[in-house]
Amino acid sequence: MYICDVRNRTYHWQYLLKTSCCNATEREAIDANDSWACPACINLNQNEKKNRILDSQKREIVEISWNAFTYCKRLLIRQSAVAYTIMSNLLPLALHQNS
Ligand SMILES: [Zn+2]
């Protein structure tokens with residue numbers, strides 16, 4: 001996978017080949033470099049690249065967070081509700097069978 005340094009988008013090599021953005025002989029040169037710009041960004045000047053990076057950071061990068069405590073609390077409440085439902089349905093049946 002190739003990640004554009006300008007706007008943090010990931011490209012699969014087969015996609016780059018199919019769209020004729022790159023050819024097979026260019027792959028080694030691209031792999032040898034630490035940085036790479038996709039065909040949409042490679043011809044931008046420095047100012048345009050800065051603007052695209054800022055635009056990408058503002059609009060495209062999504063932060064995902066996970067609060068383990070809240071998740072566990074909700075899970076315990078849900079499990080307790082399920083256990084209560086099961087017991088309240090099974091207990092009368094068990095009592096009825098024993099009587
Ligand atoms: Zn790009």
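**Briefing: an extended chain in two domains**

Asn8 is exposed, because just 12 other C-beta atoms lie within 10 Å and the cut-off for exposed is 12 or fewer. The model is predicted. Its protein chain has a radius of gyration of 28 Å, whereas a compact globule of 99 residues would have one near 13 Å. Burial is scarce: 2% of the 99 residues count as buried.

**Overall shape**

- Taken along the principal axes, the C-alpha atoms of the protein chain fill a box of roughly 85 × 30 × 20 Å.
- The radius of gyration, at 28 Å, is not that of a compact globule, for which a value near 13 Å would apply.
- Contacts between residues at least 6 apart in sequence include many distant pairs: 60% of them join residues at least 24 apart.

**Domains**

- The protein chain is divided in two, with domain 1 covering 2–59 and domain 2 covering 65–99.
- Between the C-alpha centres of domain 1 and domain 2 the distance is 52 Å.

**Secondary structure**

- Four helices and two strands make up the count for the protein chain.
- Their order along the sequence is β-β-α-α-α-α.
- Strand E1 spans 2–3 and strand E2 spans 10–11.
- Helix H1 runs over 13–18, and helix H2 over 27–32.

**Helix H3**

- Helix H3 takes in residues 46–59, 14 residues in total.
- From first C-alpha to last, H3 reaches 20 Å, close to the 20 Å expected at 1.5 Å a residue.
- H3 is hardly covered, and the count of buried residues among its 14 residues is zero.
- In an α-helix, residues three or four places apart point the same way, because there are 3.6 residues a turn.

**Positive phi in two loops**

- Most residues other than glycine have a negative phi.
- Asn8 has a positive phi, near 55°, and is not a glycine.
- Asn8 sits in the loop between strand E1 and strand E2.
- Ser20 is likewise a residue other than glycine with a positive phi, near 60°.
- The loop that holds Ser20 lies between helix H1 and helix H2.
- Ser20 is exposed, because it has 8 other C-beta atoms within 10 Å and the cut-off is 12 or fewer.

Definitions and conventions. Residues are numbered from 1 along each chain as its sequence is written. This is a predicted model: local features need pLDDT of at least 70, side-chain atom pairs count only at pLDDT 80 or more; totals for chains, interfaces and linings use all residues. The expected span of a helix is 1.5 Å times one less than its number of residues. A residue is buried if 20 or more other C-beta atoms lie within 10 Å of its own, exposed if 12 or fewer, and partly exposed in between; C-beta atoms are placed from the backbone. Domain bounds come from an automatic or database domain assignment. The radius of gyration is taken over C-alpha atoms; the globule rule is 2.2 Å times the number of residues to the power 0.38. Two residues are in contact if their C-beta atoms, placed from the backbone, lie within 7 Å.
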